[in-house]
Amino acid sequence: MFDQLDEQQETQPTADHAHCECYDHEPSTFDRPELWIPIIIIMFASFFFLLGVADHPYGIQLGSLIPYTAFVALGTFSAQRGMQPYFFECSIVQQTMPRLLRRHGGFVAAIVLLETIALYLTRYMPASWLTANGKDGSPFATSLCIICVCVGCVEAFTNRSLLERAHAKTQEDL
Ligand SMILES: [Zn+2]
């Protein structure tokens, strides 16, 4: 009897954020195939694109921006590992979007600058850093990938706190 009461209370939605579809949702990783299926396909396809354009000047920089953008979009909006999902239909998300896009422009510029400097510095690096060993990439390529992923994580996490603050502020204004 008491157990039943407890269960009822637990399953009731909280009053906070009840106006918004983002918070009116049970967080789970793969509940939005319309978001993550295209993004994962884009990420895989762009690796082949990257291989194709790698020999062109600035090919690596331009080619890496597609998987980078897909990675950040997935990190910002999806509900991976029980994190708060953010839906494109939500009016607060739509209002925050221009700010997110401006921020993304800044991060993309930083990534291009970082890769350009790193590629320029390869001429001073020992050959062992640049040659691939086995099926792993070269230490240089692996490090550059890890650094870009870290920058992407920073962008996604700061995007999330921006969205969270925008939701909290709207809640106060009501
Ligand atoms: Zn929302």
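These are my notes on a zinc site and some aromatic pairs in a predicted model.

**Zinc site**

I looked up which atoms hold the zinc ion. The donors are SG of Cys20, SG of Cys22, SG of Cys90 and NE2 of His167, at 2.0 to 2.3 Å. Along the chain they follow the spacing C-x1-C-x67-C-x76-H.

Next I checked the geometry. The angles among the four donor atoms run from 107 to 112°, and the site is tetrahedral. For comparison, the ideal angle for four tetrahedral donors is 109.5 degrees.

Then I asked whether two of the cysteines are buried or exposed. Cys20 has a relative accessible area of 2%, so it is buried. Cys22 is buried as well, at 0%.

**Aromatic pairs**

I found three aromatic pairs in the structure. One of them joins Tyr23 and Tyr86: the ring centres lie 6.4 Å apart and the planes meet at 80°, so I noted the pair as edge-to-face. This pair links distant parts of the chain, as the two residues are 63 residues apart. Tyr23 sits in the loop between helix 1 (2-11) and helix 2 (33-53), and Tyr86 in the loop between helix 3 (59-77) and helix 4 (91-121).

I also looked up the accessibility of both rings' residues. Tyr23 is partly exposed, because its relative accessibility is 23%. Tyr86 is at 1%, so I entered Tyr86 as buried.

I went on to Tyr120 and Tyr124, another aromatic pair. Their centres are 6.1 Å apart with 70° between the planes, which is edge-to-face. Tyr120 has a relative accessible area of 43% and is partly exposed, whereas Tyr124, at 59%, is exposed.

Notes:
Residues are numbered from 1 along each chain as its sequence is written. This is a predicted model: local features need pLDDT of at least 70, side-chain atom pairs count only at pLDDT 80 or more; totals for chains, interfaces and linings use all residues. Side-chain values use heavy atoms; hydrogens and water are left out. Rings of Phe, Tyr and Trp (its six-membered ring) pair if their centres lie within 6.5 Å; planes under 30 degrees apart count as stacked, over 60 as edge-to-face and the rest as tilted. Helices (H or I, at least four residues) and strands (E, at least two) are DSSP runs, numbered from the N terminus. Buried means under 20% relative accessible area, exposed over 50%, partly exposed in between (1.4 Å probe, protein chains only). Donors are N, O and S atoms within 2.8 Å of the metal (3.2 Å for Na, K and Ca); water is not among the atoms, so sites may look incomplete. Four donors count as tetrahedral if all angles lie between 85 and 135 degrees; four count as square planar and six as octahedral if opposite donors are over 155 degrees apart and all others between 65 and 115; anything else is irregular.
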